[in-house]
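Notebook open, viewer open. I'm jotting down what I look up as I go.

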Amino acid sequence: MMALLASLLATPATAGLCQAPFMHDGGQVQLSGSGGLQLGADLSFSEVSQHGADNCDARVQGVATYGLAGLPPGKSTLDYRMRIRNGKASFERPGAGGKSEPTEGRFDLRMIGLFSYGVPVTRSGQTFPELRFQINLDKKKVQTQPIVVQTGVKTVGERQNISTAAGDQSCWPISYTRHTEATQASFSGLVLPIPAMTSSVTDWFCPDLNMVMRQESTQSGVASVVEVTKIQ
């Protein structure tokens with residue numbers, strides 16, 4: 001599940017995830033989803049150590065709920081050690097005797113995101129290139145092939161004021177298509193197909209927070225919203 005949550009993160013060139021407002025001891029962030037994309041999380045950050053703009057470590061704990069990409073709805077308790085190195089993240093579980101146990105979930109933080117973009121957003125009409133990523137679920141929970149995601153060219157629209165959990169913000173709407181390839185997953189021996197999905201997506205990037213505070217998407221006429229509902 002942590003891989004799915006963190007697939008919503010992205011890496012900026014000037015101020016990365018390591019500088020996000022919640023990346024400090026006692027930091028918190030909450031996400032909630034409605035519509036066709038059901039995703040929620042209540043996360044806390046501790047044991048944070050900074051090693052540069054795109055290099056840091058933290059312990060991430062909390063609870064997540066999900067029902068997306070054809071997966072059955074579920075709830076997961078999270079306790080991971082997160083390592084950000086040059087804009088890429090990996091997760092380990094804290095183990096006995098202070099040792100950490102690797103997980104199978106690894107991903108690139110340039111993925112579609114509720115947090116940042118690869119270069120600063122500066123003007124309407126600015127574009128970001130097509131990207132292709134794969135998400136590996138933690139195989140202790142789910143046996144599945146990697147989930148492959150392709151995003152189309154992202155185009156910045158006119159800056160607008162929107163209401164966010166951090167108050168009114170002037171934010172850039174960034175629109176694109178997102179295609180998830182078909183795969184299958186096994187839950188307790190039950191094999192379930194995960195169909196291909198194509199969505200129209202808008203990320204609302206708020207530069208004063210260096211985060212996408214809201215992501216709106218539509219798939220087969222069904223609208224969804226995932227947004228940051230608390231940050232500190």
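How many helices and strands are there in the protein? I get one helix and 18 strands. Both are DSSP runs numbered from the N terminus, helices being H or I with at least four residues and strands being E with at least two.

**Ground rules.** This is a predicted model, so I note that local features need pLDDT of at least 70, side-chain atom pairs count only at pLDDT 80 or more, and totals for chains, interfaces and linings use all residues. Numbering runs from 1 along each chain as its sequence is written, and side-chain values use heavy atoms, with hydrogens and water left out.

**Whole-chain numbers.** I looked up burial and got 49% of the 232 residues as buried. Buried here means under 20% relative accessible area, exposed means over 50%, and partly exposed is in between (1.4 Å probe, protein chains only). The protein exposes about 10500 Å², with carbon and sulfur atoms supplying 49% of that. Those areas are Shrake-Rupley values with a 1.4 Å probe, and for residues only the protein chains shown count as cover. Then contacts, meaning heavy atoms within 4.5 Å. Of those between residues at least 6 apart in sequence, 55% join residues at least 24 apart.

**Strands 1 and 2.** I started at strand 1 (residues 27–35), which pairs with strand 2 in the antiparallel sense over five bridges. DSSP has to find at least two bridges between two strands for me to call them paired. A hairpin through two residues joins strand 1 to strand 2. As one register check, L31 has A41 in strand 2 as its bridge partner.

**G40.** This glycine is in strand 2, residues 38–50. Is G40 buried or exposed? It counts as buried, because its relative accessible area is 10%. Leaving aside neighbours within four places in sequence, G40 is in contact with L31, S32, V63, A64 and T65. I also checked a long-range distance: the C-alpha atoms of G40 and V226 are 8.1 Å apart, although 186 residues separate the two along the chain.

**E47.** Further along strand 2 is E47. What is odd about its backbone? E47 has a positive phi of about 50° although it is not a glycine. At 45% relative accessible area, E47 is partly exposed.

**D57.** I went on to strand 3 (residues 55–67), where D57 sits. D57 is buried, since its relative accessible area is 13%. Which side chain does the D57 side chain make a polar contact with? It is R85, at 3.0 Å. For polar contacts I use a pair of N or O atoms within 3.5 Å; within protein, one must be able to donate a hydrogen and the other to accept it, and residues adjacent in sequence count only if both atoms are side-chain atoms. Not counting residues up to four places away in sequence, D57 touches E47, V48, S49, H51, M82, R83 and R85.

**Strand 13.** I listed several antiparallel pairings for strand 13 (residues 167–180), one of them to strand 10 (residues 147–151) over three bridges. There, T151 stands opposite R178. Strand 11 (residues 154–156) pairs with strand 13 antiparallel over two bridges, and V156 has I174 as its partner. Strand 12 (residues 160–164) has five bridges to strand 13, also antiparallel, and these two form a hairpin with two residues between them. In that pair, S163 is matched with D168. Strand 16 (residues 197–206) runs antiparallel to strand 13 with nine bridges, where T180 stands opposite M197.

**K154 and Y176.** I looked for a charge over a ring (NZ of Lys or CZ of Arg within 6 Å of the ring centre and within 35 degrees of the ring normal). The charged end of K154 sits over the Y176 ring, 4.5 Å from its centre.

**R214 and S220.** R214 is in strand 17 and is buried at 18% relative accessibility. Its side chain reaches the backbone oxygen of S163 at 2.9 Å. The C-alpha atoms of R214 and S32 are separated by 9.8 Å, with the two residues 182 apart along the chain. Last stop was S220, in the loop between strand 17 (211–219) and strand 18 (222–231). S220 has a positive phi of about 55° without being a glycine, and at 74% relative accessibility it counts as exposed.
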